[in-house]
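Please look through the sequence and the model that follow, keeping both in view while reading. The paragraphs after them go through a few places in turn.

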Amino acid sequence: MCGIVAYVGNRQATPLLLEGLKRLEYRGYDSAGLAVMTPDGLKIARSVGRVSVLETMVENMDAADGTLGLAHTRWATHGAPTEYNAHPHTGMTRSGHRVAVVHNGTIENYATLKKYLTEKGQVFDSETDTEVLAKLICELYQGDLEKAVQAALREVNGTYGIAAICENEPHTLVCARKGAPLIIGVADKSYVVASDAAAIISHTSQVISLDDHQVAKLCAGPEDRLGDGGPWSVQFKTTTIDNIPVTQEVTRLDFELEQIELSGFKHFMHKEIFEQPDALRNCLRGRLDHRDCRVVLGGLSRYSRELVRAKRFILTAQGTAYHAGLIGEYLLEDLAKIPARCEYASEFRYRNPIIEPDTVAIAISQSGETADPLAALREARDRGALAIGAVNAVGSTIARETDAGVYLHVGPEIGVASTKAFLGQVTVLTLITLYIGKRRFLSDEVVRTYLRELERLPNYAERVLEQFDSIGKATERCVDRDNWLFLGRGYNYPTALEGALKLKEISYIHAEGMPAAEMKHGPIALIDKGMPVVFVAPQGSQYDKVMINIEEIRARGGRVLAVATEGDQAISNYADEVFYIPSVPEPLQPILSVIPLQILAYHAALLRGHDVDKPRNLAKSVTVE
Ligand code: G6P
């Protein structure tokens, strides 16, 4: 979802901004634009579609030279994805200088502000809330961009990550955030600002993460202008929107450039599917203490008493993370014997939830920036819950707002369709369950078994990946069908939901996931000859019941694809295609059984000719409601 890149320094801004935008493409967008401060004032280019279109436009523009600029990929919220709605948006100060602004988030009171500004004589070219912000900054500008941005943001309700530049201050970049991420990369003689570390890492790993309501003023220019010695000097200052100075620490990004590059793979999703064994290793590293038969989670140690005492868990997330949360619900009730509910964060936050004493809320999120889980977590915490995060992106907003948490440590996930993060989320929820369960009811013997089995998962995942090509062949045999069902019971029901989501997201095939038993209450009417029905059916307590469901589908001519336990030859008598996973205890099955479903979706998308990493209409990180 919307991306920001901005630069002030001693290099040409345009190529650097375009490179940054390309690194943000994975987040999803429908239009793009950039503004560069040239000796003749602001030069602006905006286009609908891919960054490559903008690139061609910029190549044909004369003299877009300048060392200060900002750029944006837009995912339409206010107004259609058109050139005039694309960012940057501009305004004119009373002194006759243009201001350019890029913005992520939503300005909730934009209609009121627009009315006020229209009465003041401002004329709007777009339907966006961002243009309102740009014009407001201009209206309040009195020769100091930082002050004008602060003043404008004091008038704004909503969320924002913004960057702004003004022709009157050709070496100054001002940025600010509230509820939308913004990171400042501190490089030699320059600053790179971005909404996502992926656009910064090729320049520097030294970063400053702004907090909500904070504004940064970044200057880089020739010494005679800044007057503090050396041929080129940089200055940095952070304040609140009320102009109170704040000090921000410089931290190190926790990943390397090659982790966000394709490294020979065809797509990021392809790469990330194959990274899963290592992702599991990294997620488990240092957390399984076989000797003392316990799980070590340093991030929870301060709150271990509250966790053990907890009477109820609420897990809250969206998308794939929600499916991981559903598995967490099963794990916590089944193994730790604590009532647990997983809820869509978007529903939870608005339904006036009752939070009883001793409730723990866990927000699950790959990005740590998704708007709804963040808001749900705040809601739960305000009502007295202990707030825990199960997050991948280190230093992200959810990670910073929780009382305690456990990082997934699966490395950056670029593919829009989440794969390795799901494995990390389920693994972390398993670890949290064992961490608490061990202190409650679980015997050493049971915990020891789980520790041993968890340790084996990375190698088991490697075995599942060996079927990559054969799953592709099986997919080819039914990819022409437009409606699919995914069924499972118990721990395998959320996996069925996730399998259906994967297929929908990237192949645009209509797919539904549901508990296998629910199929008889309506969806069975859909079954006709050749309709693909995927059963997540590894051996376990409900295996026999699932077999009956398989029979029911076969009797109606459906085409059965099954995920089964290695050694289960019998299932091949019932299913048309079988994908195998090694035998593991039921609670750990989703970590393996989802892998064939990811591979299936990947092949289906390729066979249908879709761009797996840039699925239509989707965003990697949904930072607006
Ligand atoms: C978007 C992505 C999904 C992801 C969901 C939650 O919809 O396309 O892949 O599962 O957001 O994202 P999060 O970063 O909170 O896990």
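In this predicted model, Arg 378 and Asp 212 form a salt bridge, in which the closest N and O atoms lie 3.6 Å apart. To place that pair, it helps to know that the protein is divided into domain 1, covering residues 3-252, domain 2, covering 262-456, and domain 3, covering 466-610. Between domain 1 and domain 2 the count of salt bridges is two, and three residue pairs are in polar contact there, both residues of each pair having a pLDDT of 80 or more. On the side of domain 1 that touches domain 2, the residues comprise three nonpolar, one polar and three charged.

How much area do domain 1 and domain 2 bury between them? The size of an interface is often expressed as the accessible area that is lost when the parts come together. Here the two domains bury about 620 Å², with 45% of it on carbon and sulfur atoms. Within domain 1, the residues that lose the most area to domain 2 are Tyr 26, Arg 177 and Pro 181, which together account for 60% of what that side buries. Seven residues of domain 1 are in contact with eight residues of domain 2, while the C-alpha centres of these two domains lie 35 Å apart.

A further residue to find is Thr 359, which lies in strand S19, residues 359-365. Is Thr 359 buried or exposed? Thr 359 counts as buried because its relative accessibility is 3%, and buried means under 20%. Leaving aside residues up to four places away in sequence, Thr 359 touches Arg 312, Ile 314, Ala 385 and Leu 386.

Conventions: Residues numbered from 1 in each chain as written. Predicted model: local features only at pLDDT ≥ 70, side-chain atom pairs only at ≥ 80, totals over all residues. Heavy atoms only, no water. Domains from an automatic or database assignment. Contact = heavy atoms within 4.5 Å. Buried area = accessible area lost by both parts, 1.4 Å probe. Salt bridge = Lys/Arg side-chain N within 4 Å of Asp/Glu carboxyl O. Polar contact = N/O pair within 3.5 Å; in protein donor to acceptor, adjacent residues only side chain to side chain. Nonpolar A, V, L, I, M, F, W, Y, C, P; charged D, E, K, R; others polar. Helix = DSSP H or I, 4+ residues; strand = E, 2+ residues; numbered from the N terminus. Buried < 20%, exposed > 50% of the residue type's maximum accessible area, 1.4 Å probe, protein only.
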